[in-house]
Amino acid sequence: MTTGLLTRQDVVQPDSGSPLGRLLPRRLWRTPAGDAWGPLPELLLILTVVTGIVDAVSILALGRVFVANMTGNVVFAGFAITGAPGFSLGASLFALAGFLIGAFLGGRMTTKVGHDHALHLRIATVSEFALLAVALIVAAAFGGPAATHGTLHLATGTATFGTGIMDALAALMAVAMGIQNALARKLAVPDLTTTVLTMTLTGIGQDSRTGHRGHVTLSRRVLVVATMLAGGVVGAELVLNVGSIVPLALATVLLAIVAGGAAVAARHQGEWRNANG
């Protein structure tokens with residue numbers, strides 16, 4: 001008899017469908033009712049990569065400011081207030097303000113299209129794409145040597161961008177990440193917050209369930225952490241050795257891929273689209 005205790009966060013048998021289905025990460029999010037999350041796991045993992053890339057740009061090229069992780073950004077703002085070298089109070093405040101604006105906009109999107117996961121993902125990622133595209137244009141138009149040659153090639157203390165440009169880039173990228181946070185919060189796919197890994201890492205350390213369900217849960221959490229790490233590695237490598245424009249361009253392309261995937265998914269009906277399903 002069904003007790004009603006099983007939810008979307010419960011994972012059962014591995015995918016026994018097509019070979020492609022067995023390779024896709026979504027099998028780690030399969031529920032007792034089937035493929036309840038549709039293409040969301042793959043698309044949100046791409047957004048997790050985007051987070052690693054943009055935070056690499058913001059930390060390494062914008063005066064040590066987070067645009068996705070506001071906990072760290074508040075702490076960095078505190079460092080800047082005390083006069084700690086290398087931290088930009090202006091960029092931190094612009095990022096905080098931008099993130100709040102993005103979260104507000106994300107909330108409006110939730111109100112209008114939050115009932116349909118596919119439509120919600122599409123409008124949110126299109127908005128993020130537009131914001132990062134503007135940031136890319138600003139960086140290309142007003143960037144110094146760091147924009148095209150990487151920060152490792154600059155003399156110590158050399159600014160990567162002018163103060164106003166750093167503030168503008170931090171704000172634009174933070175608005176995008178605020179929208180993404182609001183999206184992930186509404187979608188509520190287990191362990192796929194796309195920007196913050198604190199609770200994911202806590203789950204890895206705290207949750208000691210055994211058996212197939214426990215192993216699958218651990219595997220998906222490790223996959224999420226590894227995905228964020230990969231985004232950070234790629235972003236840092238590009239910022240340090242190539243320049244700030246390339247990682248911003250890469251993040252923009254990835255957002256276009258997610259938006260395109262959401263647009264394709266929106267053409268097909270599926271239970272996963274129903275926010276109340």
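**Exercise 1. Is Ala-188 buried, partly exposed or exposed, and where does Ala-188 lie?**

*Solution.* The model is predicted, so local features need pLDDT of at least 70 and side-chain atom pairs count only at pLDDT 80 or more, while totals for chains, interfaces and linings use all residues. Residues are numbered from 1 along each chain as its sequence is written, and side-chain values use heavy atoms, with hydrogens and water left out.

Step 1. Buried stands for under 20% relative accessible area, exposed for over 50%, and partly exposed for what lies in between (1.4 Å probe, protein chains only).

Step 2. Ala-188 has a relative accessible area of 45%, so Ala-188 is partly exposed.

Step 3. Ala-188 belongs to the loop between H7 and helix H8 (198–206). Helices are DSSP runs (H or I, at least four residues), as are strands (E, at least two), and the numbering starts from the N terminus.

**Exercise 2. Compare the phi angles and the exposure of Ala-188 and Thr-194.**

*Solution.* Step 1. Most residues other than glycine have a negative phi.

Step 2. For Ala-188, phi is near 55°, a positive value in a residue other than glycine. For Thr-194, phi is near 70°, again positive in a residue other than glycine.

Step 3. Thr-194 lies in the loop between H7 and H8. At 1% relative accessibility, Thr-194 counts as buried, whereas Ala-188 is partly exposed.

**Exercise 3. Describe the overall make-up of the protein and the confidence of the model.**

*Solution.* Step 1. The protein contains 10 helices and zero strands, and from the N terminus on its elements run α-α-α-α-α-α-α-α-α-α.

Step 2. Of the 277 residues in the protein, 49% are buried. The protein exposes about 12800 Å², of which carbon and sulfur atoms supply 67%; accessible areas come from the Shrake-Rupley method with a 1.4 Å probe, and for residues only the protein chains shown count as cover.

Step 3. A contact is a pair with heavy atoms within 4.5 Å. Among contacts between residues at least 6 apart in sequence, 71% join residues at least 24 apart.

Step 4. The predictor's confidence in each residue is its pLDDT, from 0 to 100. The protein averages a pLDDT of 83, and 83% of the residues score at least 70. Confidence is lowest in helix H1 (residues 19–23), with a mean of 52, and highest in helix H5 (residues 117–142), at 95. Over residues 1–20, pLDDT stays under 50, and the model has 37 contacts beyond four places in sequence for this stretch.

**Exercise 4. Which residues have the most contacts inside the largest nonpolar core, and which helix gives the most to this core?**

*Solution.* Step 1. A nonpolar core is a set of buried Ala, Val, Leu, Ile, Met, Phe, Trp, Tyr and Cys residues joined through side-chain atoms within 4.5 Å.

Step 2. The largest such core has 63 residues, and Leu-121, Phe-161 and Met-173 have the most contacts inside it.

Step 3. At least two residues of this core come from each of helix H2 (40–61), helix H4 (89–113), H5, helix H7 (163–187), helix H9 (211–241) and helix H10 (245–265). H7 gives the most, with 13 residues.

Step 4. Neighbours within four places in sequence aside, Leu-121 is in contact with Leu-40, Leu-43, Leu-44, Leu-47, Leu-183, Val-258 and Ala-262.

**Exercise 5. Characterise Ser-58 and Gly-52 and their surroundings.**

*Solution.* Step 1. Ser-58 is found in helix H2, and Gly-52 lies in helix H2.

Step 2. Ser-58 counts as buried because its relative accessibility is 0%. Gly-52 is buried with a relative accessible area of 6%.

Step 3. Leaving aside neighbours within four places in sequence, Ser-58 contacts Gly-63, Arg-64, Val-65, Phe-66, Val-67 and Met-173. Under the same exclusion, Gly-52 touches Met-228, Gly-231 and Gly-232.

Step 4. Gly-52 and Ala-251 are 199 residues apart in sequence and 9.3 Å apart in space, C-alpha to C-alpha.

**Exercise 6. Analyse the aromatic surroundings of Phe-87.**

*Solution.* Step 1. Rings of Phe, Tyr and Trp (its six-membered ring) pair if their centres lie within 6.5 Å; planes under 30 degrees apart count as stacked, over 60 as edge-to-face and the rest as tilted.

Step 2. This rule yields four aromatic pairs. Phe-79 and Phe-87 form an edge-to-face pair, 5.4 Å centre to centre with 70° between the planes.

Step 3. One aromatic cluster is formed by Phe-66, Phe-76, Phe-79 and Phe-87.

Step 4. The charged end of Arg-64 sits over the ring of Phe-87, 5.0 Å from its centre; the criterion is NZ of Lys or CZ of Arg within 6 Å of the ring centre and within 35 degrees of the ring normal.
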